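Work through the exercises below with the model open. Try each task before reading its solution.

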Amino acid sequence: LRLKKGVEHQGAAFVIHKNRGRKPSHSLSDSDREKIIALKRSDKYQKANFLHYQELLQKHEKIYVSYPMVYRILTQAGITSPKQKRKRKDHHLRKRNPREGMMVQMDASPFAWFLDGVIYNLHGAIDDAAGKVLGLNMKKNRMPDWLF
């Protein structure tokens, strides 16, 4: 009802928000933006990545801005974060042995396998070449409970 009356008296301009085109009161000033960019380009902070730079701004320059704000300002200015790119290590699978019996892998796992709450150890032996299960053995755990 209020909108309808407003449009009838003032026209379509009534529904446009009155703050349109104004800068928000909580936004960062242009001078602060330029200061952040100039400090980052200086020798003092050039090697710091964006997160560390944001912390240094708070500590030494008393400029309190969030990390996303620093990131946005600097990337819009064409500045990239000097992150160290770590070389990805490739995980190479070990080749299986050529013949059965050359290597047998063994492992054990303590677990409450049954509903009685008692811990049992399941021991297993697997041939490396063929991937065959050579044997399984289950024994009641003799270790104290505080170890598990």
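The exercises that follow deal with salt bridges in this structure.

This is a predicted model, where local features need pLDDT of at least 70, side-chain atom pairs count only at pLDDT 80 or more, and totals for chains, interfaces and linings use all residues. Residues are numbered from 1 along each chain as its sequence is written, and side-chain values use heavy atoms, with hydrogens and water left out.

**Exercise 1.** State how many salt bridges the structure holds.

*Solution.* Start with the criterion: a side-chain nitrogen of Lys or Arg within 4 Å of a carboxyl oxygen of Asp or Glu. The structure holds five such bridges.

**Exercise 2.** Find the partner of Lys-23 and classify both residues by exposure.

*Solution.* Lys-23 pairs with Asp-30; their closest N and O atoms are 3.2 Å apart. Next, apply the classes: buried is under 20% relative accessible area, exposed over 50%, partly exposed in between (1.4 Å probe, protein chains only). Lys-23, at 49%, is partly exposed. Asp-30, at 52%, is exposed.

**Exercise 3.** Locate Glu-61 and its salt-bridge partner in the chain.

*Solution.* The partner is Lys-44, with 3.6 Å between the closest N and O atoms. This pair links distant parts of the chain, 17 residues apart: Glu-61 lies in helix 3 (residues 50–61), Lys-44 in the loop between helix 2 (30–41) and helix 3. Helices here are DSSP runs (H or I, at least four residues), numbered from the N terminus.

**Exercise 4.** Is Asp-128 buried or exposed?

*Solution.* Asp-128 forms a salt bridge with Arg-94 (2.7 Å, N to O). Asp-128 has 5% relative accessibility and counts as buried. Arg-94 is partly exposed, at 49%.

Key: Helices (H or I, at least four residues) and strands (E, at least two) are DSSP runs, numbered from the N terminus.
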